[in-house]
Amino acid sequence: MAAYRESPTILEQAMRSILDQTYSNLEFIIILDDPDNIELDTLITRYSFSDDRIRYERNSRNIGLAQSLNIGISLARGEYICRMDADDISDPDRITSQLQYISDEHLDLIGGFTEVINEHGELLYVVDSIPIHSSSVAKGLQYNNCVPHPTWFGKKETFEMGYRSIPLCEDFDFLIRSSLQGKLIGNCPKIVLKYRMSSNSLSRGNLYKQFLYQQALTHSYRNGVALAVEDAEIYVDNHYSSNKAEKYAMANKEFNLGLSCVRRKMLFHAARHFIRIPVLSRGYLSKIYRLIRVAFL
């Protein structure tokens, strides 16, 4: 787990969800990537004194998620590595379930289903329409990231390849490179985590940039190669505009409102939100198409 500027309350919920797992034979590596964050440093230090399973590292400066996770990988001593974000909540049986599944299915890396919650912990929708089997995941990566990053659980030897600093898509890039190396990747068909979607998760501009990075990565993956970091950045620079980014963010808001309405069986209101998307952003319509392609694999 890499922590940055989460609220202490939310970080503590995330930490407790790991420390209270039904599977207890673990080491809990926490990397603080904001060395000046006294509140989080105090919280993690207090927990590390009371539970010797915690291994706490505080970066001397902010180095970003990818490099922080690489530090965690280098420190890990177990056969498997379990990943999560500092604002999410793991199911109490998560590690037990994923360890059993990855062993039974002879896979190298897996994710799992998630419940998406808002900042207040309220359920927004469930993400369970993702491919399960390794052959389907390999196909799905041609369109979208179909293995949620905070749910990853895999062999340490798979993680040792390390993350590259591809902005906003270090996880997708990791999956693509792993797949191209012949690693077997799947998803545990069980809700393993509550994923917190906050208003600060990604800025409006970053949402669209993330989409463009995904486009570049999937195009390269279909050709059987991993895209160079500098080529990905060039692609994004050539296709980005602030106007498209603004409209893409608006379309994303309509999409999430629509999903929330579907969950509450307010289908007319859901349709009103969904119908606005193609008017706002053709890019976001492409994203939805990619999601649908993956869901039916």
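A disulfide is a pair of cysteine sulfur atoms within 2.5 Å. I write that at the top of the page because my first search was for such pairs.

**Entry 1: cysteines**

I was working with a predicted model, and I searched the whole structure for disulfides and found zero. I then looked at C82, whose sulfur has its closest cysteine sulfur in C188, 11 Å away. With a cut-off of 2.5 Å, that is too far for a bond. I also noted that C82 is partly exposed, at a relative accessible area of 28%. Next came C169, which is in no disulfide either. For C169 the nearest cysteine sulfur belongs to C146, and 13 Å lies between them. I checked whether C169 is buried or exposed, and at 1% relative accessibility it counts as buried.

**Entry 2: the sheet**

I traced the strands and found an open sheet of three, in the order β1-β2-β3, with parallel pairing. I marked β1 (2-3) and β3 (54-58) as the edge strands, since each pairs on one side only. How many bridges join β2 to β3? I noted five, and the two strands run parallel. For one pairing by residue, I looked up L32 and found its bridge partner in β3 to be R58.

Then I turned to the helices over this sheet. Helix α2 (residues 38-50) lies across β1, β2 and β3, and runs at about 155° to β3. I found α3 lying across β1, β2 and β3 as well, at about 145° to β2.

**Entry 3: the nonpolar cores**

Which members of the largest nonpolar core touch the most other members? I wrote down W152, F159 and Y163, out of 45 residues in that core. I then went through the elements that each supply at least two residues, and they include β2 (28-32), α3 (65-75), α7 (170-180) and α10 (242-263). The largest share comes from α8, with eight residues.

I took a closer look at Y163. Leaving out residues up to four places away in sequence, I listed what Y163 touches, and among them are A66, L69, I73, W152 and F174. The list also has charged-looking names for a core residue to meet, including R83, E170, D171 and R177. Apart from this core I found another, of 27 residues, with I18, L19, A86 and I110 among them.

**Entry 4: two residues in one loop**

I stayed around Y163 in the numbering and looked up M161, which sits in the loop between α6 (156-159) and α7. M161 is partly exposed, with a relative accessible area of 25%. Not counting residues up to four places away in sequence, M161 touches F174, R177, S178 and Q181. I also took a C-alpha distance from M161 to L11, 150 residues apart along the chain, and got 28 Å.

S165 is found in the loop between α6 and α7 too. Is S165 buried, partly exposed or exposed? I read 41% relative accessibility, so S165 counts as partly exposed. For S165 the contacts beyond four places in sequence are A66, Q67 and V229. With Q67 there is a polar contact, at 3.2 Å between the two side chains. I finished with the C-alpha atoms of S165 and L65: they are 100 residues apart along the chain, and 8.3 Å separates them.

Methods
Residues are numbered from 1 along each chain as its sequence is written. This is a predicted model: local features need pLDDT of at least 70, side-chain atom pairs count only at pLDDT 80 or more; totals for chains, interfaces and linings use all residues. Side-chain values use heavy atoms; hydrogens and water are left out. A nonpolar core is a set of buried Ala, Val, Leu, Ile, Met, Phe, Trp, Tyr and Cys residues joined through side-chain atoms within 4.5 Å. Buried means under 20% relative accessible area, exposed over 50%, partly exposed in between (1.4 Å probe, protein chains only). Helices (H or I, at least four residues) and strands (E, at least two) are DSSP runs, numbered from the N terminus. Contact means heavy atoms within 4.5 Å. A polar contact is a pair of N or O atoms within 3.5 Å; within protein, one must be able to donate a hydrogen and the other to accept it, and residues adjacent in sequence count only if both atoms are side-chain atoms. Two strands pair if DSSP finds at least two bridges between them. Axes are lines fitted to C-alpha atoms, for helices over the stretch in contact, and angles run from 0 to 180 degrees between N-to-C directions.
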